[in-house]
2 protein chains.
Amino acid sequence: MSTPEFVDVEGPMFVADPFDVEEPQVHAAWLPPEAFRSLGARRVLVHGDGPLVDTVLDEVARACARYGGRMWHSPSWDVDVDLVLTLRRADALPSSTAQAARAAGEAALIDDGRTLGDEGFLLARAGDVTVVLADAPAGLLYGLFHVVRLCAAAFDPARPPELHRPALRRRMLNHWDNVAVHPVMGQVERGYAGGSIFWRDGRPRGDLARLRAYGRLLAASGINAISVNNVNVARAEARLLTDRLGDVAEIADVLRLYGIRVHLSVTFAAPVALGGLSTADPADEAVRAWWAATTRAVYERIPDFGGYVVKADSEGQPGPFTYGRDHADGANLLAEALAPHGGVVHWRAFVYDHHQDWRDRSTDRARAAYDHFTPLDGRFRTNVVLQVKFGPVDFQVREPVSPVLAALPATRVAVEFQVTQEYTGQQRHICHLGPWWSEVLRFAPWGPGGRTIADVATGEKGEGGGLVAVANTGDDPFWTGHPLAQANLYTFGRLAWDPRLDPRAVLDEWMTLTFPPSATADPELVRRTLHEIMDDSWRTYERYTAPLGVGFMVHPGDHYGPDVDGYEYSRWGTYHFADRDGVGVDRSRASGTGFAGQYPPYWADVYESPERCPDELLLFFHHVSYTHVLHSGSTVIQHIYDTHFAGVEEVEAMRRRWQTLNGMIDPAVYVRVAERLDEQVRSAIEWRDQINTYFLRKSGVPDAHGRRIY
Amino acid sequence: MSTPEFVDVEGPMFVADPFDVEEPQVHAAWLPPEAFRSLGARRVLVHGDGPLVDTVLDEVARACARYGGRMWHSPSWDVDVDLVLTLRRADALPSSTAQAARAAGEAALIDDGRTLGDEGFLLARAGDVTVVLADAPAGLLYGLFHVVRLCAAAFDPARPPELHRPALRRRMLNHWDNVAVHPVMGQVERGYAGGSIFWRDGRPRGDLARLRAYGRLLAASGINAISVNNVNVARAEARLLTDRLGDVAEIADVLRLYGIRVHLSVTFAAPVALGGLSTADPADEAVRAWWAATTRAVYERIPDFGGYVVKADSEGQPGPFTYGRDHADGANLLAEALAPHGGVVHWRAFVYDHHQDWRDRSTDRARAAYDHFTPLDGRFRTNVVLQVKFGPVDFQVREPVSPVLAALPATRVAVEFQVTQEYTGQQRHICHLGPWWSEVLRFAPWGPGGRTIADVATGEKGEGGGLVAVANTGDDPFWTGHPLAQANLYTFGRLAWDPRLDPRAVLDEWMTLTFPPSATADPELVRRTLHEIMDDSWRTYERYTAPLGVGFMVHPGDHYGPDVDGYEYSRWGTYHFADRDGVGVDRSRASGTGFAGQYPPYWADVYESPERCPDELLLFFHHVSYTHVLHSGSTVIQHIYDTHFAGVEEVEAMRRRWQTLNGMIDPAVYVRVAERLDEQVRSAIEWRDQINTYFLRKSGVPDAHGRRIY
């Protein structure tokens, strides 16, 4: 065997892309060379064949070349090694070391009584050797990245065997990337990290090295599926399904090397727009035939194609309503075409009236998805995944968990998160979302102790719809605009692999990988400081923005910065109804929109009651007076003032803490984060002053502490 | 002599452009063929030579060809005619009729004791002949259009002699047309009538026939100057001054035929951006030389070029502040270059801090122009015209008259109006602005009975800066989007010719021309109905939008539709400070920003006092409680409710009245106006409900009449 040659031209924390030395350098994120130090200094035996095993070989060879270790691939002689990465069913395993390792692994596995599956792996010690055993090449790759995460701990003689299998079969990113630059939304809709990794000005971006580096990062976080174009499908994007399929295949060819399957967002109107038919009616035979033939052609070109993502009859996108059909008819049409090839359709449940009259207090956007979809439960084909935003409105910093997630027992349901920070600071603000997602995943919609949202996404027999998130990545040198926003992407992948993970522990993993000891002056100080900055940053963001779950109050259109009445008289169904006496939306059954009644009884009762409703969701469910006393003991109005003053103080503390890292970490990271913290402080002050001023002017209640409000 | 041939292919009210039968038809506006019926049926003698006389000949020949009259041009034999149009100093006047006519004219003129000037004309009867006498060809053209306006009355034997000379030397339109489409502002900034008449997608539009038709309409209204590009000068527009000067010359060549001089908006940074200099400092010799040479080149190409329009150090445009110079230094730099050629620089006074902090109540945008410019009075060269928006803020439906207009006695001051309806319904709403402009022009800033704003624009010796307006025209088939918005353009031209005209009489003129008897079933009914719809439409618009002079409350960015808090926490300096107790901006000297003190004593005292301040400006000058009682006897809050309910009722009445015209006028006009009235009703309801709801929620004061507020 030969060790591949690599050109490693790098500055601190930056790795030149090994596939194209001409490319501008990009940040290594959670896979800097130093993360491979422990692995790369050792003797490693890899056993198995196939493209994904080649990827493992590449990774190990690069690490060994850098750090003085050595790698063998399926050798015919015995060698002394420290680590074996092997497929359980691999033929010809002559090395006695490998045989001993496999025996140890098998023993551990037999003890466990389970199989490894397509992506699982087992890590066990056999004498002085650490063994990673997998049934399939993807498992070997995930096992490798696990060893990287563990660093020296992977070689701890006392380490007990560990079995790792993803809780969710599909751990998916949705890219809202446009092929052609949209006149309003730009290259990436709600993208805050530069252009697209896939597309530029109507054409493929063509940077396959960057694409490969992206796949590598995603695989190391656990993500195994990706849709490569916006769910709002315009003309150029629609054609990816047919005459521009080659552009998609090119992406799939690269991402396949990291076990990632490619999905496409398609327009429901494709038979008309692309096929020249006069209808896209699901009941029309020609339409069904068109989808069948088109889908067959996709699989001929991309055999492991994942499937379709569809936003239909939502915010102006076409859908089955045009033809008097419902969402089940629509989704099943596409599912039928995908079924022979093993593909799935992700059908988004984000359907509501986006031309609502603000005068009408009976219509409630929060109710819409439930009202649309629960009557359809049981009618979807098995390869339909109903993709449901985690909250009933739209990715706010605080919402209740969507009742839809608990309302379709006979449907495969996926939970949709938003890693891109549309409403949570747009990657100019530090807002680490791990704790929020974890809270959602641990939420038990049938009441405490019952099944959780994670269980719903997993499914009773592992056939749940999985976890999906809107990506926060782009062609920015730091991938995510804000360097610390990388942690959100990493955390999403890890929670999708195992929703029970402690988000703080995941953040710690990310920090250890991203800021490895050799690249920092004082790794412990860096880690402690980052925890101080990031751990509670989601709640800090909540404090200085819209209060008590009321949501929105953002600047219309771009959704950045405060505008308390920005959506109050709009058609979007997102209101707060603040008047001189009180604020909030009555969603009770008794006197409001009845949304609270969409939950199973336990939560329906809790949310129904202004007394029992959790403080942080009070204004989502109830219109209360400014002098209403919260569980915290504070009044609503004083809570608004206090949290907004506190939020700014916390951001100012973040900035001070970050400044203590100057000189300890990569200057490029330091400067970028420092600049964004300046903006975060400015913006937080703006939020504080506008929110406080708005409510002081409206309520007339002075701040109990006499602080400055305008 | 020969009568030119014309191709007249037309539907009712539409005239095919005679210069290009391939052009899409455009509406004839106030010059439909029927308007020339009275003239065209008569025998007309034209005497004089030159390009403008050729234009007169064209007009008369076309009219006679259509309506059976006959035209002679400087004949060598005596003819019996009904109308003579003649230059007083024309050589060789052998016709005895012409001689008699001239004698009559001279006699009348001598009685009057004045001269006619460059643009004036005299209309008098000599026996059975109507005589139009002018000193210069432009006067002959204006006299011709006067005869058209008068119709049969021009031939009334008992008509006494009339002398007409424009009160204002320069009657100017500013086009905010971009050459290249601006990514946000489009082809025409604040344009609501389609694309530009001059430009399309970075190039000249090239439709010289349309351009000529435009010049003809403008001349018939009295306008004699036009700037052809936006005051916000971007890259493509900047180059009109130098290497794209030919594009401007082409426009000038056409508009010259109607006595209209072309002006250019230029960027103060031109010496750097175009000239390659390292500075645009007015004190720099190379800069002065560059402007001198550049301007000389302009005049070589366009001998009657009007001059420059400059927006400097305003809303991000470059200006002299960069170099530590003031506006006088900047304006004089350009004036110096223009002076040898007789050109003027229009220097806009619209200068303010557009990055204001909403928390800061001491800074007042309304004060800014006065504070900037009054210290410079006397320092401007005589060919500088300081162009001042009529109000201190920005073309609102109601503002006080700008105190700047009364504060620079040693400066030539032009008053700037906005014919394009940026803040007055954007040509989707009927808002006839004649009464508003007339009110401004008649305002006596030094107190009742004193000199008026019209006097300021006229100047003590006719050397005032004139009247300027932002155009409302585009390539829309009706020129102005809303067909009835044509009346605003016509009225502006007429008031610029004579500010003492009664706007209602001008509107009547416009109606008579635009809806001539032969084109309507019942001309009197049409006229009466149009008066009912249009006469008070400005006040109607005021009623359903921002109340009592407080201004803004529009949707940010596009400025269409209500958004009460849209600018309340912004950087633009346009606030209302509504809280639960009251609303309005304290601009008094005693307790506010002191803006009221910028007026001469009479108005300073009136505006200073909440008791004496006119109701319609109360919230511009004072922050008062919702229960403050107006001169009208109503409270502020009840006034808000009442006017907003009334405004909608008036718009609904407008729509009903318009519907009575169905079948009586050109169907294309009928349908376009009907569609826009539907939108006006919808929008007025939205204004009513948002404004009323906003103030009910804030004040808690119920409507005395118990009407529905949300």
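Helices and strands here are DSSP runs, counted from the N terminus, with a strand taking at least two residues. On that basis, Asp82(B) sits in the loop that runs between strand 4 (70-73) and strand 5 (83-87) of chain B. The model is a predicted one, and everything below should be read with that in mind.

Despite its place in a loop, Asp82(B) is buried, because its relative accessible area comes to 17% and the cut-off for buried is under 20%. Its side chain has a backbone partner: a polar atom of the Asp82(B) side chain lies 2.7 Å from the backbone nitrogen of Arg43(B). Arg43(B) also turns up among the residues that Asp82(B) touches, once those up to four places away in sequence are set aside. The others on that list are Arg42(B), Asp128(B), Val129(B), Thr130(B) and Phe155(B).

Two further residues of chain B are worth a look. His27(B) belongs to strand 2 (residues 26-27) and is buried, with 3% relative accessible area. The side chain of His27(B) makes a polar contact of 2.9 Å with the side chain of Gln486(B). Tyr607(B), for its part, lies in helix 18 (residues 601-608) of chain B. With a relative accessibility of 2%, Tyr607(B) is buried too. What surrounds Tyr607(B), neighbours within four places in sequence left aside? The contacts are Pro400(B), Phe443(B), Ala596(B), Tyr599(B), Cys613(B), Pro614(B), Leu617(B), Phe621(B) and His622(B). As for Ala505(B), which is 102 residues from Tyr607(B) along the chain, the two C-alpha atoms are 31 Å apart.

Turning to chain A, an unreviewed UniProt entry places the feature "domain: Glycosyl hydrolase family 67 C-terminal" at residues 480-707. In the model, that stretch of chain A is 50% helix and 2% strand. The C-alpha atoms at its two ends are 37 Å apart.

Next comes the interface between the chains. The size of an interface is often given as the accessible area lost when the parts come together. For chain A and chain B, the buried area is about 2,200 Å², and carbon and sulfur atoms give 46% of it. Three arginines, Arg359(A), Arg580(A) and Arg697(A), supply 36% of what chain A buries against chain B, more than any other three residues. Each chain brings 21 residues to the contact.

On the polar side, 17 residue pairs are in polar contact between chain A and chain B, counting those with both residues at pLDDT 80 or more. Sorted by class, the side of chain A that touches chain B holds 10 charged residues, seven nonpolar and four polar. There are also six salt bridges between the two chains. One of them pairs the side chains of Arg697(B) and Glu568(A), at 2.9 Å from N to O.

Side chains of opposite charge can pair when their charged atoms come close. Over all chains, the whole structure has 101 salt bridges. In chain A, the side chains of Arg527(A) and Asp508(A) form one, at 3.5 Å from N to O. That pair ties together distant parts of the chain, 19 residues apart: Arg527(A) is in helix 16 (residues 523-534) and Asp508(A) in helix 15 (residues 503-514). Arg527(A) is partly exposed, at 24% relative accessibility.

Another salt bridge of chain A joins the side chains of Arg589(A) and Glu608(A), at 3.3 Å from N to O. Again the pair links distant parts of the chain, 19 residues apart, with Arg589(A) in the loop between strand 21 (582-583) and helix 18 (601-608), and Glu608(A) in helix 18. Is each partner buried or partly exposed? Arg589(A) counts as partly exposed, at 42% relative accessibility, whereas Glu608(A) is buried, at 17%.

Chain B has a salt bridge between Asp508(B) and Arg527(B), whose closest N and O atoms are 3.4 Å apart. Asp508(B) lies in helix 15 (residues 503-514) of chain B and Arg527(B) in helix 16 (residues 523-534), 19 residues apart, so that distant parts of the chain are linked. Both partners are partly exposed: Asp508(B) has a relative accessibility of 22%, and Arg527(B) has 23%. Back in chain A, salt bridges with shared partners build one network out of Arg398(A), Glu439(A), Asp536(A), Arg539(A), Glu542(A), Arg543(A) and Glu650(A).

How values were computed:
Residues are numbered from 1 along each chain as its sequence is written. Chains are lettered from A and ligands numbered from 1 in the order in which they are written. This is a predicted model: local features need pLDDT of at least 70, side-chain atom pairs count only at pLDDT 80 or more; totals for chains, interfaces and linings use all residues. Side-chain values use heavy atoms; hydrogens and water are left out. Helices (H or I, at least four residues) and strands (E, at least two) are DSSP runs, numbered from the N terminus. Buried means under 20% relative accessible area, exposed over 50%, partly exposed in between (1.4 Å probe, protein chains only). A polar contact is a pair of N or O atoms within 3.5 Å; within protein, one must be able to donate a hydrogen and the other to accept it, and residues adjacent in sequence count only if both atoms are side-chain atoms. Contact means heavy atoms within 4.5 Å. UniProt positions are given in the numbering used here, feature names are shortened, and annotations may be inferred rather than shown by experiment. Buried area is the accessible area (1.4 Å probe) that two parts lose on being put together, summed over both. A salt bridge is a side-chain nitrogen of Lys or Arg within 4 Å of a carboxyl oxygen of Asp or Glu. Ala, Val, Leu, Ile, Met, Phe, Trp, Tyr, Cys and Pro count as nonpolar, Asp, Glu, Lys and Arg as charged, and the others, Gly among them, as polar.
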